[in-house]
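Here's a quick look at the overall build of one protein chain. Have the structure open while you read.

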Amino acid sequence: MIYLDYVSTTPLNQEVNRMYQSLLNDYFANADSLYSLGLKTSALMEKSRELTAQLLHVLPEEIIFTSGASESNSTAIKGCAFQYQNRGKHIITTAVEHSSVYQSCVQLRDVFGFDVDFISVDENGQLDLQQLKKTIRPDTIFITLMYVNNEVGMVFPIEEVYQIIQRTNPKVKLHVDMVQALGKIPVDLSHVDLASFSAHKIYGLKGSGVLYKKSSTSIIPLINGGQQEHQLRGGTSNTATHTMFAKTLRLALENLDQKYRYVTSLNQYVREQLSQMTDVVINTPAQHVSPYILNFSCVGYKPEVLLHALEMNECYVSTKSTCSSHKNDISRTLQAMGIDENIAKSAIRISFSHHTTKDEIDEFLFYLKQVLQTIKKQR
Ligand SMILES: Cc1ncc(COP(=O)(O)O)c(C=O)c1O
């Protein structure tokens with residue numbers, strides 16, 4: 001099998017898997033129970049919170065365990081909007097966000113009467129910082145944007161966005177979706193008020209995430225019901241899953257530079273090979289991008305047909321963001337970059353891991369060439 005869809009999800013780390021299985025058996029008690037079984041379970045989960053905080057250089061009380069980044073994003077965005085609506089009802093985001101951010105903002109606009117501005121990107125996928133500066137108003141309550149784009153791979157300048165906020169309206173909160181950055185590039189939370197993370201993108205469990213919330217920032221909880229997660233997320237804690245977050249993160253942060261360099265060389269190789277193929281256009285810009293993601297188009301080919309043809313050879317790629325894969329429309333990100341419709345509608349995304357080998361890449365390229373020839377003959 002050649003798996004090239006690590007942005008969508010990753011296989012479970014076997015160390016994480018083993019420990020998780022034993023926790024399920026031995027630590028089943030409710031973490032809020034007052035007897036020793038419950039206290040033992042709670043202690044493990046709190047240890048994970050402490051370690052997670054330590055690894056992210058923040059405080060344990062700033063870590064909220066969630067069911068994944070979609071929940072973290074929804075909680076940060078709606079929780080912040082409801083909390084600070086007395087300051088104003090204006091929100092800023094970008095045109096290329098993950099659907100969990102995009103839909104949360106659209107819901108705030110359409111259902112709750114917030115005013116939302118979507119900052120555009122240029123042909124290289126980079127944010128229009130001048131537009132951002134001009135869009136911040138006295139009634140702007142927060143900006144929500146991603147660090148690494150999940151479809152094309154561009155990296156946004158979070159530090160510069162923070163500086164713009166400081167110069168224009170320092171009351172504006174900054175929420176960053178860091179899902180595709182964690183375990184791949186260094187993340188710095190010092191200038192961020194809220195940040196979202198997901199475990200299954202870094203070889204951890206599905207249904208596991210973290211919302212970082214600076215102590216000086218408040219949110220209205222979306223799930224009411226109990227004292228769990230600093231009273232911000234009611235419901236019996238998923239203790240075994242939350243306990244595994246810290247270990248998952250620790251493993252993901254090991255040898256970050258080494259993994260980055262290796263994946264950069266793989267990416268470079270694929271780029272060189274793809275650029276020699278007729279009908280192939282590379283959509284991921286050359287600069288300010290994550291090497292873990294490469295988006296390209298086989299112009300004139302239906303991406304779903306290619307995907308399934310590659311699948312016949314046990315080679316797995318993606319057409320666009322997996323969360324929008326059942327919709328037939330063109331990727332919002334490629335559209336925002338102004339990519340020609342004919343090119344955008346045939347886009348394929350491949351994403352790498354430090355586990356990906358050069359042999360796998362060569363096999364993928366072989367199958368891709370073969371598939372392009374076969375399908376062409378059938379047209
Ligand atoms: C940038 C980004 N944000 C959020 C999410 C949602 O993550 P989860 O599957 O943990 O809800 C994803 C997953 O594809 C993503 O790539």
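What radius of gyration would a compact globule with 379 residues have, and what does the chain have? The rule puts such a globule near 21 Å, and the chain comes out at 21 Å, so the two agree. Keep in mind that this is a predicted model.

## Overall build

Along its principal axes, the chain's C-alpha atoms take up a box of roughly 70 × 50 × 35 Å. As for secondary structure, you'll find 13 helices and twelve strands.

## Two domains

The domain assignment splits the chain into two parts. Domain 1 is made of two stretches, 2-9 and 255-378, while domain 2 covers 14-253. Measure between their C-alpha centres in the model and you should get 28 Å.

How many residues of each domain are in contact with the other? On the domain 1 side there are 32, and they touch 33 residues of domain 2.

## Inside and contacts

Of the chain's 379 residues, 57% count as buried. Now take the contacts between residues at least 6 apart in sequence: 72% of these join residues at least 24 apart.

## Surface and charge

About 16,600 Å² of the chain is exposed, and carbon and sulfur atoms supply 50% of that area.

On the charge side, the chain carries 36 positive and 38 negative charges. How far apart are the mean positions of the two sets? The answer is 2 Å.

Terms used. Residues numbered from 1 in each chain as written. Predicted model: local features only at pLDDT ≥ 70, side-chain atom pairs only at ≥ 80, totals over all residues. Heavy atoms only, no water. Helix = DSSP H or I, 4+ residues; strand = E, 2+ residues; numbered from the N terminus. Rg over C-alpha atoms; globule rule 2.2 N^0.38 Å. Buried < 20%, exposed > 50% of the residue type's maximum accessible area, 1.4 Å probe, protein only. Contact = heavy atoms within 4.5 Å. Areas by Shrake-Rupley, 256 points an atom, 1.4 Å probe, with all protein chains shown as cover. Lys, Arg positive; Asp, Glu negative; His and termini not counted. Charge placed at Lys NZ, Arg CZ, Asp CG, Glu CD. Domains from an automatic or database assignment.
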